[in-house]
Amino acid sequence: MPRFNFWTVVMILTWVMLFVLLFIPVGSVLVSSLYDQSGNPTIANYLKFLGEPRFHQAFINTLVVGFGGLIGALLLGSIMAFCVSRFVIGGGRFVSLLAILALVSPPFIGAYSWIVLFGAGGVVRGFLRDMGVNMPPIYGVGGILIVFSLKFYPYVYLMVSGALSNVNRSLEEAAEGLGLTPLQRTFKISFPMVFPALTAGGLLALIHAIADFGTPRLLGRGYNVLATEAFTLYSAEVGSNMSMATTISVVLILVSMVFVLLQRYMSRRNVYHGNMINKPVRIKLKGWRNVLAHVAVYFIGLSGAMPVIISVIYSFRKTSGPVFQSGFALQSYERILFNLGDVVRNSLTFSLTAVALIVIVGTVVGVLVARRTNFNTALLDGAFMVPYVMPGIVIGIAFIAAFNTGPIVLTGTATIIILSVFIRRLPYTVRTTASSLRQISPSMEEAAISLGYSPFQAFLRITVPLIVPGIIAGGMLSFVTAINELSSSLVLYVGSTMTMPVRIYLLILDGDFGTAAALSTVLLVLSGGAVYIAFRFMGRNEQALL
Amino acid sequence: MSYLSVNNATKQFGESFKALNGISVAVERGEFFTLLGPSGCGKTTLLRSIAGFNDLTSGEITLGGANLRVVPPHQRDIGMVFQDYAVFPHLSVFDNVAFGLKPRKVSAEAIKARVAEALAAVRLDAMADRLPAAMSGGQQQRIGLARAMVINPQLLLMDEPLSNLDAKLRIELREEIRDIQKQVNIATIYVTHDQEEALAISDRICVMNAGRIEQIGTPQEIYGNPQTQFVATFVGTLNFLNAGAALDAMLGQLNLSAAAAKSWAVRPEHLDLLVDGAPTSDGATLSGMVSKFTYLGREAHLQVETEVGRLVVQLANPGMAATKAVGETVSINVQPSAPMAFDAEGRRISSKG
């Protein structure tokens, strides 16, 4: 076409954006890992990684917490999904709410709440000791795995319960007619049908477990993983080792990539599109089975939401300095009001700016990916996978590596924090916009064109109103992720750009749990509000939270 | 010159696939013209080329004498009805139908009057304020029809509008479409793969296969006098007769011959059962054994093994006594007008020697 093409410009700008915000940072990480501290090209960093037992240990530990978290999340998530979608559970919606609560809870307040309960001086542990039961404190790899299982099970639960309620009941009835026992039916029919959802949920748990930095940091007590190693090497006051930090970042990216590709390979042939004539029904269990199912579901749900409940309660406790007193008061909230107003304001402005950018850019690029299908957009789609698998710590280090010197210097600005959140969450919006566009029949726009509207007018009057509710909902969910973002901000913040999650982290390190709990509660209320608005716009759809 | 004419239309996808391979059709004012063929025959491609949603590789399309290919689709003034209805879910029934009147600068009162009239024509006047999402497929397609007609387009295109509906509704709605089209007298091009629908609704039918036209004609010509083997099998069914001495004998008896004939066939409804087995004055008689009897209510199909092969005989209004048992011997009467001859390319050839 000879005339000026809007979409060609969008395509070019998108590639420029990806180049600046993704390829340059990732490239800088790669380049930096190939130089020594004095600027000579070398592969010594990788040799050091291979040679030093400490890094070996971190690598193995990362895999241990990754797979341990994966197994725990799969176990808890599928038990809960199976019970909720197949049996009548009293208060089923409340159970889903508990799962959502675990999902949107502020980062590593979870770890700290578990320390409050089961740590060296933990409340529950102390109580049990008085009763004569001596249990070990929660520190170490066991504690990390418990926290990961309870923190990441909602990924599996939401994925699998969605898939389970979409298994056509006729299939199970057919299997029943062929003489399979209930147990055989579950493993031979239902299991293969939900397998893709299981691996997708498991992958999310695995990637988050590998990327998680706060939990091993607080609970590990010397149990080092790659994420903590990278952060320690980067942030050490004396002898900060950027090239070694970037080397570990490269390893982390590779590990995440391998798992994403593995999951794609495993669920490649296993997508089933059933007709939904015969929806599954929930069975009402009787007697001890019923009790067992309820106990299992509520135990998992309440345990997962425990950190949130604990921090809400502790936020109202009376304190004297960092020490809790008996009784309740609003002191912690007063401290936020008088001392931490700028932190709250930072978090809100950064998140809202990032979300506004994500919504606008994500929608336009989503339309590009969905509607202009050619080689370039397929490549674009692939490029958008990269930020999805990058751990936050790595994004932070990559941005520092790219924008500390050179033509664009952003270190220490609000812009760098906003952009890091933007690039991490952008793929989500691009994907949801593209997939909701693919669900709108192209004949809808053609009808408008045949009625006399130009293609652009038809898009504006027909397609846009149809995807706007989904875009608003997606924006709200991006807001939840943005405002809770910790690990990249931790690398990128300076005194004036401190955000709420960073402040919570520092408060916990300082032992001021009251203020941390109050700040977490504020975060929780903001996240909860955003989730509520999202559900109002698109109907209650827990899976959109993933 | 015809009202709409398509000349030598070719549409190439990729290197080798020709969805349209030199198609020429002409449609007159007020005519109901149907494109009939199996999926992948190019009928929808042709329709979408006329609508402007895809462009031809070569060829020309004129409407009222003007070249249509240079006009962008939104300025073609062509109404279109879609297979998946394409009703706008966020607009009320009224707003859906009024949608095409707004860019035409029609005054608010005129919009009200014209939409009301269109909705009355499709019997949806009581539902003007409702949202279409919860409405049935039949009602949604009525909205689609009203929306396409209310703009008084120069041409109405329908792309398999009934194929997502159930059988009973399909018959009901096709009658309505035909009545409304005759009332407003808009030239209409209708795409379907359903032969019965095409016969019932059309003034003329164009049967297409693999990007080419097989035959254009009235429903009577298409069914009664098919020009190719493809048309004869796609519109209706055929019994093919096995070559051999028995066939030659039968053709001789009927005084039929065709030197170039590759195959001979006869429609099930053109065969009769002889009640007492005695030969009639005209026609030939084939005897055979019943191998299957299928009762369908208003007709029955009798499958008979004869010397010229397996023949299906259609019995109209089969009474209780018409039932035949498997293994029973029957005689079939073949009239001279029944057999059709086709040459090696599948073209129909004269059977009168």
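# Questions about a predicted model

Modeller: Start with Ser256(A), which is found in helix 12 (residues 242-266) of chain A. This is a predicted model.

Biologist: Why does Ser256(A) count as buried?

Modeller: Its relative accessibility is 1%. Buried means under 20%, so Ser256(A) qualifies.

Biologist: Which residues does Ser256(A) touch, not counting those up to four places away in sequence?

Modeller: Ile207(A), Val389(A) and Pro391(A). Contact means heavy atoms within 4.5 Å.

Biologist: Now the salt bridges. How many does a search of the whole structure find?

Modeller: The search finds 16 over all chains.

Biologist: What makes the pairing of Arg48(B) with Glu446(A) a salt bridge?

Modeller: The closest N and O atoms are 2.6 Å apart. The cut-off is within 4 Å, between a side-chain nitrogen of Lys or Arg and a carboxyl oxygen of Asp or Glu. The pair therefore passes. Side chains of opposite charge can pair when their charged atoms come close.

Biologist: Where do the two partners, Arg48(B) and Glu446(A), sit?

Modeller: Arg48(B) is in helix 1 (residues 43-51) of chain B, and Glu446(A) is in helix 20 (residues 442-450) of chain A. This salt bridge crosses between chains.

Biologist: Is Glu446(A) buried or exposed?

Modeller: Buried, at a relative accessible area of 13%. Arg48(B) comes out at 21%. Buried stops under 20% and exposed begins over 50%, so Arg48(B) is called partly exposed.

Biologist: How do you know that Asp343(B) and Arg347(B) meet in a salt bridge?

Modeller: From N to O the distance is 3.4 Å. That falls within the 4 Å limit, so the pair counts. Asp343(B) has a relative accessible area of 10% and is buried. Arg347(B) has 46% and is partly exposed.

Biologist: What is the N to O distance for Glu175(B) and Arg174(B)?

Modeller: 4.0 Å, and their side chains are scored as a salt bridge. Arg174(B) counts as buried at 10% relative accessibility, while Glu175(B) is partly exposed at 37%.

Biologist: Which residues are linked in a network of salt bridges?

Modeller: Arg123(B), Arg142(B), Glu172(B) and Glu176(B).

Biologist: On to the strands of chain B. How do you know that strand 1 (residues 4-13) and strand 2 (residues 17-27) of chain B pair?

Modeller: They share 8 bridges, in the antiparallel sense. Pairing needs at least two bridges, so they pass. Within this pairing, Gln12(B) stands opposite Lys18(B). The hairpin has 3 residues between the strands, and Gly14(B) takes a positive phi near 70°.

Biologist: What makes strand 1 and strand 4 (residues 58-63) of chain B a pair?

Modeller: They have 5 bridges, again antiparallel. The minimum is two, so this also counts as pairing. Ser5(B) stands opposite Thr62(B) in strand 4 of chain B.

Biologist: How many bridges join strand 15 (residues 299-306) and strand 16 (residues 309-316) of chain B?

Modeller: There are 8, in the antiparallel sense. A hairpin joins the two strands through 2 residues. Gln303(B) has Val312(B) as its bridge partner.

Biologist: Now backbone angles. What is phi for Asn185(B), which is not a glycine?

Modeller: Asn185(B) has a positive phi of about 60°. Asn185(B) is in the loop between helix 5 (167-184) and strand 8 (188-192) of chain B.

Biologist: Why does Ala210(B) count as exposed?

Modeller: Ala210(B) has 53% relative accessibility. Exposed means over 50%, so the term applies. By contrast, Asn185(B) has 49% and is called partly exposed. Ala210(B) has a positive phi near 50° and lies in the loop between strand 9 (204-209) and strand 10 (212-217) of chain B.

Biologist: Last, the nonpolar core. Which members of the largest one touch the most other members?

Modeller: Phe399(A), Ile508(A), Phe513(A), Ile50(B), Phe88(B) and Leu157(B), out of 238 residues. Helix 7 (residues 141-164) of chain A gives the largest share, 14 residues.

Biologist: What does Phe88(B) contact, leaving aside neighbours within four places in sequence?

Modeller: Residues of both chains, including Met444(A), Leu451(A), Ile462(A), Phe99(B) and Pro132(B).

Technical notes:
Residues are numbered from 1 along each chain as its sequence is written. Chains are lettered from A and ligands numbered from 1 in the order in which they are written. This is a predicted model: local features need pLDDT of at least 70, side-chain atom pairs count only at pLDDT 80 or more; totals for chains, interfaces and linings use all residues. Side-chain values use heavy atoms; hydrogens and water are left out. A nonpolar core is a set of buried Ala, Val, Leu, Ile, Met, Phe, Trp, Tyr and Cys residues joined through side-chain atoms within 4.5 Å. Buried means under 20% relative accessible area, exposed over 50%, partly exposed in between (1.4 Å probe, protein chains only). Helices (H or I, at least four residues) and strands (E, at least two) are DSSP runs, numbered from the N terminus.
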